[in-house]
Amino acid sequence: MATSRKKASAKPSQSNSSARGPLAPDRVNAILRALDEAYPEAKCALTHRSPWELLVATILSAQCTDVRVNMVTPELFRRFPTPGAMAQAPLPELEALIRTTGFFRNKAKSIQGAARKIISDFGSQVPQTLAELITLPGAARKTASVVLGVSFGKAEGIVVDTHVYRVSRRLELAKAETAEKVEQELMRVIPQDRWIAFSHQLIHHGRQVCIARKPKCRECNLETVCRSKDKTWRS
Ligand code: SF4
């Protein structure tokens with residue numbers, strides 16, 4: 001799902017933030033302001049109508065694009081609209097419906113297992129805590145953070161997908177080499193009330209501008225605060 005992007009310049013409110021380190025509060029605030037200006041309405045790109053549908057779509061999105069997931073979920077949810085229906089689904093039919101998302105056998109087991117656990121342990125409702133969500137088959141911390149943030153407005157973590165990982169390291173907001181450690185670093189530097197929007201904004205920035213192979217630095221409104229060695233253009 002494309003989100004409109006506005007070009008604006010990120011400049012720290014006080015000069016020479018780099019001399020005070022990449023995590024200087026005015027530099028971090030300048031980055032957050034620039035992201036707000038560029039992506040004021042960044043949202044989750046997975047189509048869904050309920051926490052249950054978002055949970056399933058997020059499980060399916062592992063190693064797959066959101067666009068591809070959005071192509072299979074309408075028919076999947078037409079056939080099996082509730083956890084109850086998904087719990088009873090014939091596995092071969094479930095696998096066929098999600099085949100194009102990759103790893104379809106494991107994913108089919110995960111979403112059926114999640115449906116059954118939601119029914120048996122959570123009164124047929126998607127749980128609303130991270131500790132409970134990560135007990136569902138196929139739902140690791142990232143999946144849980146997506147559901148909590150998007151469906152329930154709860155910021156218990158920062159979603160670190162491949163885009164958030166890459167862009168936050170280029171912007172020197174994090175240095176670690178694993179998504180789990182990058183999340184911990186980001187949680188220390190980004191105010192908690194910004195965690196949900198920040199993830200969506202960095203995902204959009206990573207898809208549209210700060211792309212993996214050849215970032216579009218000339219178009220980037222964070223260019224003035226970015227010192228990445230990957231930069232393709234400098235002002
Ligand atoms: S200046 Fe380039 S490398 Fe830095 S955030 Fe922008 S697009 Fe990414």
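# Exercises on an all-helix model

The side chains of Asp121 and Lys117 form a salt bridge, with N and O 2.7 Å apart. The model is a predicted one. Work through the exercises below with the structure open.

## Exercise 1. A pair within one helix

**Task.** Explain why Asp121 and Lys117 are about one helical turn apart, and classify the exposure of each.

**Solution.**
- Step 1. Find the element. Both residues lie in helix 6, residues 104–121.
- Step 2. Count along the chain. Asp121 and Lys117 are four residues apart in this helix, so about one helical turn separates them.
- Step 3. Apply the distance test. A salt bridge needs a Lys or Arg side-chain nitrogen within 4 Å of a carboxyl oxygen of Asp or Glu. The pair is at 2.7 Å, N to O.
- Step 4. Check exposure. Partly exposed lies between the buried limit, under 20%, and the exposed limit, over 50%. Asp121 has 44% relative accessibility, so it counts as partly exposed. Lys117 has 24% and is partly exposed.

## Exercise 2. A pair with one buried partner

**Task.** Take the salt bridge of Arg49 with Glu53 and decide which partner is buried and which is exposed.

**Solution.**
- Step 1. Start from the distance. The closest N and O atoms of Arg49 and Glu53 are 2.6 Å apart.
- Step 2. Read Arg49. Its relative accessibility is 68%, so Arg49 counts as exposed.
- Step 3. Read Glu53. Its relative accessible area is 5%, so Glu53 is buried.
- Step 4. Place Glu53. This residue is one of the buried residues of helix 2.
- Step 5. Put the pair in context. The whole structure holds 12 salt bridges. As a general point, side chains of opposite charge can pair when their charged atoms come close.

## Exercise 3. A link across the chain

**Task.** Describe the salt bridge between Arg227 and Glu172, then find the network it belongs to.

**Solution.**
- Step 1. Get the distance. Arg227 and Glu172 meet at 2.7 Å, N to O.
- Step 2. Locate the partners. The pair links distant parts of the chain, 55 residues apart. Arg227 sits in the segment after helix 11 (195–208), and Glu172 in the loop between helix 9 (162–170) and helix 10 (179–189).
- Step 3. Check exposure. Arg227 is partly exposed, at 42%. Glu172 is also partly exposed, at 23%.
- Step 4. Follow shared partners. Salt bridges join Arg27, Glu172 and Arg227 into one network.

## Exercise 4. Two crossing helices

**Task.** Work out how helix 9 and helix 11 are oriented and which residues make their contact.

**Solution.**
- Step 1. Choose the two descriptors. Packed helices are described by the angle and the distance between their axes.
- Step 2. Read them off. The axes of helix 9 and helix 11 come within 8 Å and cross at roughly 85°.
- Step 3. Classify. Angles of 65 to 115 degrees count as roughly perpendicular. Helix 9 and helix 11 are therefore roughly perpendicular to each other.
- Step 4. List the contact. Helix 9 contributes His163, Val164, Arg166, Val167 and Ser168. Helix 11 contributes Ser199, Leu202, Ile203, His205, Gly206 and Arg207.
- Step 5. Sort by character. The contact has four nonpolar, five polar and two charged residues.

## Exercise 5. A covered helix and a buried loop residue

**Task.** Show how helix 2 is covered, then find what surrounds Ile190.

**Solution.**
- Step 1. Count in helix 2. Nine of its 10 residues, in the range 51–60, are buried.
- Step 2. Find the packing partners. The buried residues of helix 2 pack against helix 3 (66–79), helix 4 (83–88), helix 5 (91–98), helix 6 and helix 8.
- Step 3. Turn to Ile190. It lies in the loop between helix 10 and helix 11. At 2% relative accessibility, Ile190 counts as buried.
- Step 4. Name its contacts. Beyond neighbours within four places in sequence, Ile190 touches Val28, Leu32, Ile158, Trp195 and Phe198.
- Step 5. Set another loop residue beside it. Ala140 lies in the loop between helix 7 (130–133) and helix 8 (141–152). At 48%, Ala140 is partly exposed.

## Exercise 6. The whole fold

**Task.** Decide why the protein counts as compact for its length.

**Solution.**
- Step 1. Take the inventory. The protein has 11 helices and zero strands.
- Step 2. Compare radii. The radius of gyration is 19 Å, close to the 18 Å from the globule rule for 235 residues, so the protein is as compact as a globular protein of that length.
- Step 3. Add the box. The C-alpha atoms fill roughly 60 × 30 × 30 Å along the principal axes.
- Step 4. Add burial. Of the 235 residues, 49% count as buried.
- Step 5. Add contact range. Among contacts between residues at least 6 apart in sequence, 57% join residues at least 24 apart.

Key. Residues numbered from 1 in each chain as written. Predicted model: local features only at pLDDT ≥ 70, side-chain atom pairs only at ≥ 80, totals over all residues. Heavy atoms only, no water. Buried < 20%, exposed > 50% of the residue type's maximum accessible area, 1.4 Å probe, protein only. Axes fitted to C-alpha atoms, helices over the stretch in contact; angles between N-to-C directions. Parallel < 35°, antiparallel > 145°, perpendicular 65-115°, else oblique. Contact = heavy atoms within 4.5 Å. Nonpolar A, V, L, I, M, F, W, Y, C, P; charged D, E, K, R; others polar. Rg over C-alpha atoms; globule rule 2.2 N^0.38 Å.
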